[in-house]
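Student: Please take a close look at a single helix pairing and at the core around it.

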Amino acid sequence: MIPELGQFALVLALLLAIAQGVLPIVGAWRNNAALIAVARPAAAGQGVFVFAAMAVLIYAFLTYDFSVAYVADNSNLALPWYYRVTAVWGAHEGSMLLWVFILNVWSVALAAFSRHLPPAFVARVLGVLGLIGVGFLAFILFTSNPFLRELPMPADGGDLNPVLQDPGMTFHPPVLYMGYVGFSVAFAFSIAALLGGGMEQAWVRWARPWTNVAWAFLTLGIVAGSWWAYAELGWGGWWFWDPVENASFMPWLVGVALIHAQAVTEKRGSLPAWTILLSLFAFSLSLLGTFLVRSGVLTSVHAFASDPRRGLYILAFLIIVIGGSLLLYAIRAPKVATGKAFAPLSRETGIMVANLLFTTAAAMVLLGTLFPLIGDALNLGRVSVGPPYFGFLFVLLMAPAVLLLPFGPYLRWGRAEGNQLTTMALRAGIAAVICAIVAAFFAQGHLRAIAGIGGAVWVGAGTLSYVIKRWREMPRGRRFPAEMAGMLLAHTGVAIFLIGVMLSESLSVERDVRLEPGQTESVGGYDFRFDGVEETTGPNWRADEGIVAILRDGKTLATMHPQKRTYSRGQVQTESAIDAGLFRDIYVALGEPMEATNVKGAWALRLYHKPFVRWIWLGGLFMMAGGFVAAAERRFRAKRAPSAAAAATIVTPPTKASLA
Amino acid sequence: MTRLLPLFGFLVLVGLFGFGIWWNTHHDQHEIVSPLINKPAPAFALPVLDEASRTVTKASLLGKPYFLNVFASWCIECVHEHPLLMTEMKQLGLPLVGFNYKDDPNEATAWLAEHGNPFDVIAVDREGRSGIDFGVYAAPETFLIDAKGVIRYKRIGPITPEVIDREIRPALAALAKETP
């Protein structure tokens, strides 16, 4: 009975979503206060029922309700409770439910924290979110229902994909979805602005904290995914440019551009059309990512079952949402968005250039991701492009961005002065060159490591010198408002990230070796002593567990336990052991026994020494923190900020003329 | 006009995705064109199940076409295709070579005792090394290898009656035409 309640909840949520999507938008158009007032309660109602459906599915997993086909497919009696919760989003149907769930988290938050905005505007925003909800709820109910029963009920279920049985996986998908579903808010703000018209600076100010928070979540999600791939997949890599990763990376790149473009539009009133377009792009790419991952056009041999019906449905949905919004943009943007001009040497120009670099990078990733499809369409066979394509072009596009980055804070809005820029460039440049020369002595000809140090110091020193300048010139309390602190944090993150990538990529030592028990191998200045393999068991797996002692100068630093797990359904999964440190990671993965029958004998082992690899994720965390901190800017929350109030008064009576 | 450019760009993508869906519905998910088709099968030398002293090699199987079926006791789909191996596949008249993939030999023996043993000889690839050479993607898989040791056909996933009629019989007919 309980799973049916989940299904009823979804149906009710769909009906409320339709109400939320239609009535408030009509109300805002007709200036009907009663219909406008439907927005908040409808959003809350949809939220309640979607949360209920989610709770029911979790309950079904926790109570081993194998009569539900989705539960039976993705969990079994031996699976521990926390992985049974994770299993909720371990496959297609549950992932889609999670998508809608997160959409409702955002809608409810928006309904709760938008009291200071004009009611008609909020009505349009919530209406757009409601329409998106309609699309996804209908998709779940008609093609991907997680509550379908399977009769007769199997005695025990299948298993959650062992790759997903990792602590990182418990929170990676929800956080990632918080990010890219979060772009729906910026999208809804843009559509509302296109529908309503005439208040670009005000709506962008309201949209900014939401965009920043969504982007920060997306950053965290990508960092977590990268960390999980590193720890779990057993290859020691941290980014593979595979379609699923790219699907989350494209909205991130556009999100970077969007955050900066919003700042320009909010503060200077320039580039409003571009900001709107980027909001549409960011969310469109999120939807596109969902489509690519879920429809199976790219990952037809991937683990996720693909159903052409689902693919067609999502494609139709994409056409309506993306096509419709771009059409609306084409019709309305000339009337709604007229930007102010700015001087060639100004912060606006700097941000514009960076924007072009980031959007081009996103387009490049999109092209590379779709290459196999293009190959099929042009009858070239299944061609795909790999890391060489992405690695080369991405570095090419990001190098100018890194070069320009320290100038950003120094550039004045409207018109900048050249002499401050040259002073900064001189200081940061000298610091970068000196550090690069010092690094050259240590890095022994690894050009990438030297370039990495140089680039990181250039960004870091430039950012630091701006921090010092603010400290000296501004009175206490006004030195670092949240928005600026966030910017500085995120830019520092870029410097940290650069060090991590360039040093770990060029200085890592990776060695595949054959070791007898008792034998020692030296990698990167550490001695790895293989002490044999023992058998161990977990709740739903058994494993061969290697014992590897790490020694330096004869002293034992750590004992590591890499595992090779065999899950109850026969899938084999490598669990690498990692001894983490701020300046280096030691990474051991267990290969295969040299003689199949003799697990007590020699084994193939993979030993890595990875300097500074942790800085990659540390840099990402700084960027994330920057996003959250900037979102806390008081100006965004001010109920009666002078310009916001002025802008709002222009809008509150939305006239028919503005919608024509 | 420039305002319409994003829309046009998007329509191109839609066309591409529509094509992608069409392509996927008209191509079998299991039909991954293996680079090994029409190439010599990789050399292997593997112990025979339950006869550890004996090995089966690629060379020892030359001279007559045969099927190589990748199976394992842990493989769920293998149970589904097994009855077909016992009946229709045997009736095709070619030797059936089992390729026990990443499996415990004891469990494999027990599994065969329970479900029946259709194989003429079973090679044990405990570590999956030879499986990598064969490009094994997941069990079950079935290869048709001709008398000269060339892979002529490959099926990823379980065999079904339709697969036998639509793919395996034509592949055998093509083989028969070449060697009169």
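Tutor: The following account treats one helix pair and then the nonpolar core.

This is a predicted model, in which local features need pLDDT of at least 70 and side-chain atom pairs count only at pLDDT 80 or more, while totals for chains, interfaces and linings use all residues. Residues are numbered from 1 along each chain as its sequence is written, and chains are lettered from A in the order in which they are written.

In chain A, helix α10 (residues 243-268) and helix α13 (residues 347-377) have axes that come within 9 Å and cross at roughly 160°; axes are lines fitted to C-alpha atoms over the stretch in contact, with angles from 0 to 180 degrees between N-to-C directions. Helices are DSSP runs of H or I with at least four residues. α10(A) and α13(A) are therefore roughly antiparallel, the term for angles over 145 degrees. Their crossing is left-handed, that is, the near helix is turned anticlockwise from the far one by less than a right angle.

Residues making this contact include Phe249(A), Leu253(A) and Ala257(A) of α10(A), and Phe358(A), Ala362(A) and Val365(A) of α13(A); contact requires C-beta atoms, placed from the backbone, within 7 Å. Leu253(A) touches Phe358(A), Ala361(A), Ala362(A) and Val365(A), leaving aside residues up to four places away in sequence.

Leu253(A) and Ala186(A) touch the most other members of the largest nonpolar core, which has 209 residues. Such a core joins buried Ala, Val, Leu, Ile, Met, Phe, Trp, Tyr and Cys residues through C-beta atoms within 7 Å, buried meaning 20 or more other C-beta atoms within 10 Å of the residue's own. Helix α9 (residues 200-232) of chain A supplies the largest share of this core, 19 residues.

Definitions and conventions. Helix = DSSP H or I, 4+ residues; strand = E, 2+ residues; numbered from the N terminus. Parallel < 35°, antiparallel > 145°, perpendicular 65-115°, else oblique. Contact = placed C-beta atoms within 7 Å. Buried ≥ 20, exposed ≤ 12 C-beta atoms within 10 Å, placed from the backbone.
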